[in-house]
Amino acid sequence: MPKGLRIVNLEQGMPQVSTALRWLEGELYTSRRMGVAAVKLIHGYGSSGTGGKIRTAVRRELAARRARGEIAGFICGEDFSIFHEETRRAFLICDALRQDGDLDRYNNGVTFVLLSGKGSR
């Protein structure tokens, strides 16, 4: 059974959206191969008032991957709370999520991905 939480910073170096999406694909593939249960994506939230493009693109891509069955699901940082049913279900998949510093902080600059056994490549 997969275990653990891996943290991936997609906004490091302020990449273009296309580059961040390529990194996302590679990091999800690597995480699955490592046997990781969940991945915390740091993508920022567009604090300059004009950004947020990476966050929007990443979440759109994750929704498509969830629809294709490539990931078990994802939780937006602003929904990552003990009061959110999907978060409580995620704790059953990855207990390490309980210890994450963004729990109940409503951080829209992160997204948590729950991996499934099905590969994306």
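1. Cysteine 76 is found in strand S3, which covers residues 71-76, in what is a predicted model. This cysteine counts as buried because its relative accessible area is 15%, and buried here means under 20%. Although cysteine 76 and arginine 55 are 21 residues apart along the chain, their C-alpha atoms are separated by 9.7 Å.

2. For orientation, it helps to set strand S3 in the fold as a whole. The protein chain has 3 helices and 4 strands, and, read from the N terminus on, these elements follow the order β-α-β-α-β-α-β. Of the 121 residues in the chain, 41% count as buried.

3. Two of the helices deserve a careful look together. Two packed helices are described by the angle between their axes and by the distance between those axes. In this model, helix H1 (residues 17-34) packs with helix H2 (residues 53-67) at an angle of about 40°, and the two axes are 10 Å apart. Why is H1 called oblique to H2? The angle of about 40° is the reason for calling H1 oblique to H2, because angles under 35 degrees would count as roughly parallel and those from 65 to 115 as roughly perpendicular. The crossing in which H1 passes H2 is right-handed.

4. Methionine 34 belongs to helix H1, and its side of the story is one of exposure. With a relative accessible area of 52%, methionine 34 counts as exposed, because the exposed class begins over 50%. The C-alpha atoms of methionine 34 and lysine 3 are separated by 9.4 Å, while the two residues are 31 residues apart along the chain.

5. A similar check can be made for isoleucine 42, which is located in strand S2. Its relative accessible area is 23%, so isoleucine 42 is partly exposed. Between the C-alpha atoms of isoleucine 42 and glutamine 12 the separation is 8.7 Å, and these two residues are 30 residues apart along the chain.

6. Turning to charged side chains, a search of the whole structure finds 11 salt bridges. One of them joins lysine 40 to aspartate 100, with 3.1 Å between the closest N and O atoms. This pair links distant parts of the chain, since lysine 40 sits in strand S2 (residues 38-42) and aspartate 100 in the loop between H3 and S4, with 60 residues from one to the other. Are the two partners buried or exposed? Lysine 40 and aspartate 100 are both buried.

7. Another salt bridge lies within a single helix. Glutamate 61 and arginine 65 are both part of helix H2, where they are 4 residues apart, or about one turn of the helix, and their side chains meet in a salt bridge with an N to O distance of 2.9 Å. The two partners fall into separate accessibility classes: glutamate 61 is partly exposed, with a relative accessible area of 23%, whereas arginine 65 is buried, with a relative accessible area of 5%.

8. Glutamate 61 also has a second partner to consider. The side chain of glutamate 61 meets that of arginine 68 in a salt bridge of 3.8 Å, N to O, a value that falls within the 4 Å limit for a salt bridge. Arginine 68 counts as partly exposed, at 44% relative accessibility. Together, Glu61, Arg65, Arg68 and Glu70 are linked in a network of salt bridges.

9. The loop between H3 and S4 should be examined for its backbone. Which residues there have a positive phi without being glycine? Aspartate 104, which lies in this loop, has a positive phi of about 65° although it is not a glycine. The relative accessible area of aspartate 104 is 28%, so this residue is partly exposed. Tyrosine 106 is found in the loop between H3 and S4 as well, and its phi, near 55°, is again a positive value in a residue other than glycine.

10. Tyrosine 106 also takes part in a surface feature. Its loop runs between helix H3 (85-93) and strand S4 (110-115), and the residue is partly exposed, with a relative accessible area of 46%. Ile82, Phe83 and Tyr106 form a nonpolar patch on the surface, and together they have about 360 Å² of accessible area. Tyrosine 106 can be counted in such a patch because its 46% relative accessible area lies over the 30% that a patch residue must exceed.

How values were computed
Residues numbered from 1 in each chain as written. Predicted model: local features only at pLDDT ≥ 70, side-chain atom pairs only at ≥ 80, totals over all residues. Heavy atoms only, no water. Patch = residues over 30% accessible without salt bridge, like charges linked within 9 Å, V, L, I, M, F, W, Y side chains within 5 Å. Areas by Shrake-Rupley, 256 points an atom, 1.4 Å probe, with all protein chains shown as cover. Helix = DSSP H or I, 4+ residues; strand = E, 2+ residues; numbered from the N terminus. Buried < 20%, exposed > 50% of the residue type's maximum accessible area, 1.4 Å probe, protein only. Axes fitted to C-alpha atoms, helices over the stretch in contact; angles between N-to-C directions. Parallel < 35°, antiparallel > 145°, perpendicular 65-115°, else oblique. Left-handed = near helix turned anticlockwise from the far one by under 90°.
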